[in-house]
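Work through these exercises with the model open beside you. Try each task before you read its solution.

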Protein chains: 2
Amino acid sequence: MDRRQQKTRKAIFEAFTKLLGEKRYSNITVQDIIDKANIGRSTFYAHFETKDELLKALCTDIFRHIFSDSPASEKTHDFSKSNGGLQEKLTHILHHLSDSRQEIKSILGCESGELFMVNFKEYLCVLFEKYLNEIKTQAPKEFVLNYLSGSFSETVRWWIVEKNEYRPCEIAEYFISFIPSEKNA
Amino acid sequence: MDRRQQKTRKAIFEAFTKLLGEKRYSNITVQDIIDKANIGRSTFYAHFETKDELLKALCTDIFRHIFSDSPASEKTHDFSKSNGGLQEKLTHILHHLSDSRQEIKSILGCESGELFMVNFKEYLCVLFEKYLNEIKTQAPKEFVLNYLSGSFSETVRWWIVEKNEYRPCEIAEYFISFIPSEKNA
DNA sequence: ACGATACCGCACATATTGTTTGATATTATT
DNA sequence: AATAATATCAAACAATATGTGCGGTATCGT
């Protein structure tokens with residue numbers, strides 16, 4: 001990728017995230033972005049068709065960072081096992097989320113959070129699906145999968161937005177304790 | 001309230017919900033609304049300052065309907081008790097939600113869903129707070145309250161948006177079964 | 001050094017917004 | 001039935017945002 005493109009793209013992302021900290025997503029105009037990023041109008045549209053595409057690209061970047069590396073091998077899907085288990089994986093994700101906290105908090109602060117959360121839930125569904133058979137329940141799979149991704153994503157939202165003192169491992173532990181399993185019986 | 005106002009307000013609401021079924025919230029313009037509602041420009045602004053205010057008013061109307069009447073007395077806060085318990089209350093709420101399904105589905109279909117969900121969660125927090133002491137957990141109250149309102153609201157979202165065959169009482173039962181309590185031990 | 005291309009600045013037509021004006025029609029009240 | 005209040009309307013308005021197109025310039029990769 002051309003250095004100029006990298007530079008411009010980065011400038012747009014930075015301007016955008018700054019603006020998200022200042023005002024609501026829907027109130028941010030392309031004009032605002034190109035002013036703060038100090039780029040030409042046509043340059044912006046050469047990179048992103050719309051403001052929505054920009055947001056989507058930003059989220060994609062963040063998720064690539066968060067879900068990139070697995071903390072351990074996928075050998076075991078026993079979610080309370082110390083190594084490669086669900087709890088460890090969630091803790092790992094929470095650490096990554098914590099790294100980008102300010103950025104994510106800005107996104108979650110308004111309607112743009114919707115897109116972030118939808119994306120996040122999709123990633124989580126893939127993750128939780130592997131552990132479905134560990135869960136003690138009569139409820140149908142689709143219910144359970146939505147319940148888990150929904151509850152965890154909402155937990156993350158709360159954890160990120162509200163300034164609280166809990167550490168990633170604590171959140172993961174609390175969350176796991178709410179899942180009906182052999183261990184939590 | 002003046003009959004003219006009632007008529008206009010109703011026309012605006014109807015036009016707005018119709019439009020929400022056709023296109024995304026952010027792509028709906030005030031122009032669209034006044035065209036479909038067949039009212040004058042200044043008339044719209046006499047009723048609502050912005051499109052956001054209109055959405056907020058619509059949500060308020062819906063929630064007033066959903067949370068208006070209690071199914072039973074508030075005597076007992078034992079949530080698995082058959083009468084006045086949490087499960088019955090949730091079932092009742094789900095029935096109301098089902099009544100306004102199409103309307104709510106339109107709202108949830110795009111960014112406007114964010115506002116709806118935030119509002120919904122606030123109402124749910126008030127409800128769940130009464131049952132906090134029934135829950136077996138080591139997690140702090142603020143975590144639990146957010147977990148419950150988050151997981152239930154996400155369950156509702158899934159239930160409303162995805163066309164599925166589950167009845168209100170089934171959803172309530174599945175949800176309750178995921179809460180750690182004496183009964184679910 | 002050179003061809004490719006990303007950027008810029010500017011301009012343009014189009015669309016939306018929010019406000020104002022004065023006239024008209026409907027309402028609530030007496 | 002008459003009257004005063006007011007909700008609505010149509011039209012016009014400036015201000016702003018959008019998306020696109022153009023030639024010229026600077027920077028890039030090779």
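A residue is exposed if 12 or fewer other C-beta atoms lie within 10 Å of its own, and buried if there are 20 or more. The model is a predicted one.

**Exercise 1. Check the length of a helix.**
Compare the expected span of helix α1 of chain B with the distance between its end C-alpha atoms.

*Solution.*
- Step 1. Helix α1 of chain B runs over residues 3-22, which makes 20 residues.
- Step 2. The expected span is 1.5 Å times one less than the number of residues. For this helix that gives 28 Å.
- Step 3. The end C-alpha atoms of α1(B) are 29 Å apart, which agrees.

**Exercise 2. Find the two faces of that helix.**
Which residues of α1(B) are buried, and which exposed residues does the opposite face carry?

*Solution.*
- Step 1. The buried residues in α1(B) are Ile12(B), Ala15(B), Phe16(B), Leu19(B) and Leu20(B).
- Step 2. They share one side of α1(B), because they cover an arc of only 140 degrees around the axis.
- Step 3. An α-helix has 3.6 residues a turn, so residues three or four places apart point the same way.
- Step 4. Turned away from the buried side is a face with the exposed residues Arg3(B), Gln6(B), Lys7(B), Lys10(B), Glu14(B) and Gly21(B).
- Step 5. Now look at the cover. The buried residues of α1(B) lie under elements of chain B that include α2 (30-37), α3 (41-47), α4 (51-67), α6 (101-108) and α7 (112-129).

**Exercise 3. Look into the core.**
Which residues of the largest nonpolar core touch the most other members?

*Solution.*
- Step 1. The largest nonpolar core holds 83 residues.
- Step 2. Those touching the most other members are Ile12(A), Phe16(A), Ile33(A), Ile12(B), Phe16(B) and Ile33(B).
- Step 3. Take Phe16(A). Leaving aside neighbours within four places in sequence, Phe16(A) is in contact with Ile33(A), Leu54(A) and Leu58(A).

**Exercise 4. Describe the surroundings of each DNA strand.**
How many residues surround DNA strand C, and how many surround DNA strand D?

*Solution.*
- Step 1. DNA strand C is surrounded by 20 residues, the closest being Thr8(A), Ile39(A), Gly40(A), Thr43(A) and Val30(B).
- Step 2. At least two residues of this surface come from each of α1 and α3 of chain A and α1, α2 and α3 of chain B. α3(A) has the largest share, four residues.
- Step 3. Sorted by class, the surface near DNA strand C has four nonpolar, nine polar and seven charged residues.
- Step 4. DNA strand D is surrounded by 20 residues; Val30(A), Ser42(A), Thr8(B), Ile39(B) and Thr43(B) are the closest.
- Step 5. Two or more residues each come from α1 (3-22), α2 (30-37) and α3 (41-47) of chain A, and from α1 and α3 of chain B. Here α3(B) gives the largest share, four residues.
- Step 6. The surface near DNA strand D has four nonpolar, nine polar and seven charged residues.

**Exercise 5. Examine a backbone angle.**
Where is Asn38(A) placed, and is it buried or exposed?

*Solution.*
- Step 1. Asn38(A) sits in the loop between α2 and α3 of chain A.
- Step 2. Its phi is positive, about 60 degrees, although Asn38(A) is not a glycine.
- Step 3. Asn38(A) counts as exposed because it has 9 C-beta neighbours inside 10 Å.
- Step 4. Turn to chain B. Asn38(B) lies in the loop between α2 and α3 of chain B, and has a positive phi of about 60 degrees.

Notes:
Residues numbered from 1 in each chain as written. Chains lettered and ligands numbered in written order. Predicted model: local features only at pLDDT ≥ 70, side-chain atom pairs only at ≥ 80, totals over all residues. Arc of directions from axis to C-beta. Contact = placed C-beta atoms within 7 Å. Near = placed C-beta within 6 Å. Nonpolar A, V, L, I, M, F, W, Y, C, P; charged D, E, K, R; others polar. Core = buried A, V, L, I, M, F, W, Y, C linked by C-beta atoms within 7 Å.
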